[in-house]
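Trainee: Please take one part of this structure and go through it closely. I would like to know what surrounds it and how it is connected.

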Amino acid sequence: MSSARAKHYEIIGAPFELGSWKPGCAEAPRVLRERRLEKRLAFLGERLGFSVTDGGDVEAPPAGDPDARPKHMAETVSYCDALMARLGVCLGEGRVPIVVGGDHTVSIATASAAARSLREAHGEEARLGLLYVDAHPDIETPQVNPETDMHATSVAHLLGRGREELANLGGFAPKLRPVDVAFIGLRDVVTEEREAIRELGMLAFAFTDVERLGIVEVCRRALERVTAGTSGFVLSFDIDVIDPSEAPAVQYPEPGGLTFREAAVVMECAATSSDLVAIEMVEVNPGLETGHRTADIAVSLIWSAVGGTML
Ligand SMILES: [Mn+2]
């Protein structure tokens, strides 16, 4: 466990979109920068005592054979490998990465890099927590659904399921134990995922649980889960968890999502922990909106995740 809040953050763009059926997420790092992500964080850092740097992008490879199954597996493995290496440098130098996707496939690299970093610091038994804030749990596997897009398999691969070449990224697996994961905001879950959540005993809060329990209680339980017995946790935020009436620039605009205010509470809650080792914001698809409403929400939420509060 780290004893102090992060002093250095590094923005790393991950413009990878081959894990998703609809292009556009690759534009998000550029657009979030245009919306003054670094400046807003740096200004906050002057108040709170941290620095922020922009480490640029880890460039994505071109698409290979569109008919290959699983979809874009070779490109996904090579990209996650490169991103994991880049994040390893960032973590190794004591910075907290802020990964701006790209689609949610990039979380395989983010959590793998974080897991390796914790193992290096605390030994091979070190455990990584994952706070996964998303409308989808992303526990599909290509074995059960050969047509699945890779961004729907991230958590499965981190748990050591799915395809070996991706699950074993960095030469070890699994990256996570099911008991160290918490989901917030689920509202689109397929059968394989529902069964996995049940069988593996994963902590999952559907959108209706947020209504029933309230976001503060959901956050309290989720944070407890991802920090108990772990050496650090990753906050992985998929913008599609927010209701499309507020964040329309997503692939699957389904009603019933979190409000911006609830999402900000999640971020503020995560930010209270000194165990937060990496932050990611994924699936913003700027081309699906006119204006910058969703991108601006994403920037504001990152601001909250690094400790930004109104008062
Ligand atoms: Mn996702």
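Mentor: Two strands count as paired if DSSP finds at least two bridges between them. The model is predicted, and the part to look at is strand 8, residues 276-282.

Begin with its neighbours. Strand 3 (residues 96-101) is joined to strand 8 by three bridges, and the two run parallel. Within this pair, Val100 stands opposite Met281 of strand 8. Strand 7 (residues 232-238) is also parallel to strand 8, and six bridges join them. Here Asp238 is the residue opposite Val282 of strand 8.

The chain connection involves strand 7 as well. Strand 7, helix 10 (residues 260-271) and strand 8 form a β-α-β unit, and this unit is right-handed.

Now place the strand in the whole sheet. Eight strands make up an open sheet with parallel pairing, and their order is 2-1-3-8-7-4-5-6, with strand 8 standing between strands 3 and 7. The edges are strand 2 (51-57) and strand 6 (203-206), each of which pairs on one side only. From one strand to the next, the twist averages 15 degrees. At the strand 6 edge, four bridges tie strand 5 (residues 181-186) to strand 6, again in parallel; Ile184 has Phe205 of strand 6 as its bridge partner.

Burial completes the picture. A residue is buried if 20 or more other C-beta atoms lie within 10 Å of its own. Seven of the seven residues of strand 8 are buried, so strand 8 is largely enclosed by the rest of the structure. In a regular strand, side chains alternate between the two faces of the sheet.

Definitions and conventions. Residues are numbered from 1 along each chain as its sequence is written. This is a predicted model: local features need pLDDT of at least 70, side-chain atom pairs count only at pLDDT 80 or more; totals for chains, interfaces and linings use all residues. A residue is buried if 20 or more other C-beta atoms lie within 10 Å of its own, exposed if 12 or fewer, and partly exposed in between; C-beta atoms are placed from the backbone. A crossover is right-handed if, with the strands pointing away from the viewer, the path from the first strand over the helix to the second runs clockwise. Axes are lines fitted to C-alpha atoms, for helices over the stretch in contact, and angles run from 0 to 180 degrees between N-to-C directions.
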